[in-house]
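Trainee: Could you take me through one part of this model in detail? I would like to follow the strands and then see how the aromatic rings and helices fit into the picture.

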Amino acid sequence: MHERLHARDNRTLEVVRKGEQLTSQDWSDSFMENYSTPPIRAPKTHEANERAMKHLRATFGSWRLVDVTADDIEQYLRSRLKKHARVKTKDGFRELGILKATTVHQEFRVLRRVLNVAVRKKFLPANPCAGVEFPVSIRGLFRPHYVTWSEQQMIEFHALEHLRNVVRIITETGPRVYKELMSMKKDQVDLDNAVVWIPDSKTPNGVAEVPLTPLAVQAFQDQLRIAGPGTYLFPSDKNQSGHQTTLKTVWHKTLKRAKIPYFRIYDLRSTYATRLSAGGVADEWVTQMLRQGDAKV
């Protein structure tokens, strides 16, 4: 009742009423069509969403969206953690071991994102996933790591020159490490106008002209100086592509030399987003600066 009165006062009662009639099945179908299907999301992401949604629909499909609670979600997760994985063979299905916690956690992440969009569309007053505590700890599940300025300085001090440039470029402008930065060509960089052009990305919104800060301009200048005469900004003779395709080894060794616990190089992009938010940039603008379709979870 409190929610309905609040909705009336904010003139959103009609939207709330619509949300009250919406089933989880209907909303999941709409979500998959409008927020998951390529090219909105990468094919692999869409496939992962479909796998998770298959099990979520089996449990919550007939429920009204507003009836799903945090307790219901936790019960679902506990139940899934007791299930066995199954694979399809020519003789039928074969049962394997207990599902991995990481598999169930992926389903939880998909559900959280589905409900986040429902909240944004005002079909839900709040996301029940916010009150869910995952039933087990997950070894090997990486948590986002915010890189402090002192950590970044230590990493840059111990990094090879090209990796130092990578760190500065990502923390200043937020490009995707492999899809956008490692495959970048020199003619995409316009230092006179302090912008870089991203012609191919994970999502359509990723294709854009990205402004450069003074630190990013300097990092691009340094990289152009050491890149040699070829086409690519991060060239490599070891790959048929002509450019570097992985930084895993050099990244791991650099963190070890800097005596910083391991975290994913992707977290540099998350750090860029966190610094924007800390600087007072609105979430909608952070999403645009990251060139995402919408805010991820």
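**Strands, rings and a helix pair**

Mentor: Gladly, and let's begin with the first hairpin. Strand β1 (residues 84–89) pairs with strand β2 (residues 92–98) in the antiparallel sense, over five bridges. Please keep in mind that this is a predicted model. The hairpin that joins β1 to β2 does so through two residues. For a landmark in this pairing, look at Val87, which stands opposite Arg94 in β2. As you step along, remember that side chains in a regular strand alternate between the two faces of the sheet.

Further along the chain there is an open sheet of three strands, ordered β3-β4-β5, with antiparallel pairing. Its edges are β3 (189–190) and β5 (208–211); each has a single partner strand, so one side of each is left without a neighbour in the sheet. Strand β4 (residues 195–198) is joined to β5 by four bridges, and the two run antiparallel. Here Ile198 makes a handy marker, as it stands opposite Ala208 in β5.

Now to the rings. Across the whole structure, a search finds six aromatic pairs. One of them is Phe60 with Trp63: the ring centres are 5.1 Å apart and the planes meet at 85°, so this pair is edge-to-face, the cut-off for that class being over 60 degrees. Phe60 is buried, at 4% relative accessible area, while Trp63 is partly exposed at 29%. Ring pairs also bring in Tyr76, so that Phe60, Trp63 and Tyr76 are linked into a cluster.

Another pair, Phe108 with Phe134, is tilted, with 6.4 Å from centre to centre and 40° between the planes. Phe108 belongs to helix α6 (residues 101–120), whereas Phe134 sits in the loop between α6 and α7 (149–158), so the pair ties together parts that are 26 residues apart in sequence. Both Phe108 and Phe134 are buried.

Phe60 also leads us to the helix pair. The axes of helix α3 (residues 24–36) and helix α4 (residues 43–60) come within 10 Å and cross at roughly 175°. Because angles over 145 degrees count as roughly antiparallel, α3 is roughly antiparallel to α4. On the α3 side, the contact includes Ser24, Gln25, Phe31 and Met32. On the α4 side, Phe60 takes part, along with residues including His46, Met53 and Arg57. By class, the contact of α3 with α4 has four nonpolar, six polar and three charged residues. So Phe60 has a place both in the α3–α4 contact and in the ring cluster with Trp63 and Tyr76.

Technical notes: Residues numbered from 1 in each chain as written. Predicted model: local features only at pLDDT ≥ 70, side-chain atom pairs only at ≥ 80, totals over all residues. Heavy atoms only, no water. Axes fitted to C-alpha atoms, helices over the stretch in contact; angles between N-to-C directions. Parallel < 35°, antiparallel > 145°, perpendicular 65-115°, else oblique. Contact = heavy atoms within 4.5 Å. Nonpolar A, V, L, I, M, F, W, Y, C, P; charged D, E, K, R; others polar. Pairing = 2+ DSSP bridges. Phe/Tyr/Trp six-rings, centres within 6.5 Å; stacked < 30°, edge-to-face > 60°. Buried < 20%, exposed > 50% of the residue type's maximum accessible area, 1.4 Å probe, protein only.
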